[in-house]
Amino acid sequence: MEGIKVGDIVGRISYSCDIFFKVVELTIGKDGKKSARLKGLDKRLCATAPLEDLRKFEPAEVAAFWHSFMTKNHEHMKRIFKRREQDRQRLVRSNDVVSHLGTFDVPGSVLHIDGDGDYLDLCLTTYRQLGIPASGYHIDEEKQPEAVTDLLQKHRPDILVLTGHDGIEKDTQNFSDLNGYHNSRYFVEAVKKARLYEKSRDDLVIFAGACQSHYEAILEAGANFASSPHRVLIHTFDPVFVVEKIAYTSIYDQISLKDIIAGTITGFPGIGGVETRGKYRLGLPKSPY
């Protein structure tokens, strides 16, 4: 217990060590008791726990966790590429494209603003792997509303992601009260600012929220997709997989809500949204240069 330090990977004993956390800060309370501020490795969750409630995972356990994490992500991406190729062939046939001319992809572009730098780096790497043009900024949740308009004007994206950390305040009974959440009010305000920049939900598609966020308030503010309908934890890559479906669905097609949400890791308890059109354009001919 006393050996726990910043950077260690730990689990909470009182929760059966169900989530892998990274220790980001150690504090001493007024009562002299030591606590740790924690960040989930694969869940967009921050927590605080007394040191006596923490168990440090062995290196082999951490390695096994990352192996499972990367394997699941790889399998998910294989399904994405298979689906994407099927969609592309359908588009080519429906547009009566002459095959020898060659075609090229113009997916939707992304502006991703994240309250966590580590999560942002993981997401930007995944965007690159998925062939999605993306710009990313690490901005604390409470500062996102004041930063979003300038960044929208700078990048003029098709899709905006506002995410980071969130959660329900301890002892909160009324889940409809925005003040009962750590950061939902900042996501709501940032979405409102984005909608002042672009009113249409088809011209600018917005995903906003994190773990346990106030889903209804974020959608009401103008987001197309948000977390978390059942106030559950969401996976680090859930915003990316929502964005991928939007970026690679034709502008002529309305996105299937069932398909886009089922394509996330958390699924319907964690992600929801409203009817939205895709941002993908098929181009031809493909230049030989």
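Two residues count as being in contact when heavy atoms of one come within 4.5 Å of heavy atoms of the other. With that in hand, the predicted model can be read from its domains down to single peptide bonds.

The domain assignment splits the protein into domain 1, residues 8–57, and domain 2, residues 93–283. Their C-alpha centres sit 28 Å apart. Across the boundary, 10 residues of domain 1 touch 17 residues of domain 2. The size of an interface is often given as the accessible area lost when the parts come together. For this pair of domains, that comes to about 1100 Å², with 49% of it on carbon and sulfur atoms. On the domain 1 side, Lys39, Asp42 and Arg44 give up the most area to domain 2, and together they supply 65% of what that side buries.

Next come the helices. Two packed helices are described by the angle between their axes and the distance between the axes. Take helix H3 (residues 144–155) and helix H4 (residues 184–197): they pack at an angle of about 30°, and their axes are 8 Å apart. Angles under 35 degrees count as roughly parallel, and H3 and H4 are therefore roughly parallel to each other. Their crossing is right-handed. From H3, the contact draws on Gln144, Pro145, Val148, Thr149, Leu152 and Gln153, while H4 brings in Tyr186, Phe187, Glu189, Ala190, Lys193, Ala194 and Tyr197. Sorted by character, the residues of this H3–H4 contact are 8 nonpolar, 3 polar and 2 charged.

A second pair is made up of helix H1 (residues 59–94) and helix H6 (residues 238–247), which pack at about 10° with axes 11 Å apart. That angle makes H1 roughly parallel to H6 as well. On the H1 side, the residues involved are Asn73, His76, Met77, Ile80, Arg83, Arg84 and Asp87, and they meet Phe241, Glu244 and Lys245 of H6. Here the contact residues break down into 3 nonpolar, 2 polar and 5 charged.

Finally, a few spots in the backbone deserve a look. Most residues other than glycine have a negative phi, and most peptide bonds are trans. Ser16 goes against the phi habit: its phi is near 60°, a positive value in a residue other than glycine. Ser16 is found in the loop between strand E1 (9–12) and strand E2 (21–28). As for peptide bonds, the one joining Ser227 and Ser228 is cis, with omega at about 5°. Ser228 belongs to the loop that runs between strand E11 (225–226) and H6, and H6 is the helix that packs with H1. Another cis peptide bond links Leu284 and Pro285, where omega is about -5°. Pro285 falls in the segment after strand E13 (281–283).

Key: Residues numbered from 1 in each chain as written. Predicted model: local features only at pLDDT ≥ 70, side-chain atom pairs only at ≥ 80, totals over all residues. Heavy atoms only, no water. Axes fitted to C-alpha atoms, helices over the stretch in contact; angles between N-to-C directions. Helix = DSSP H or I, 4+ residues; strand = E, 2+ residues; numbered from the N terminus. Parallel < 35°, antiparallel > 145°, perpendicular 65-115°, else oblique. Left-handed = near helix turned anticlockwise from the far one by under 90°. Nonpolar A, V, L, I, M, F, W, Y, C, P; charged D, E, K, R; others polar. Domains from an automatic or database assignment. Buried area = accessible area lost by both parts, 1.4 Å probe.
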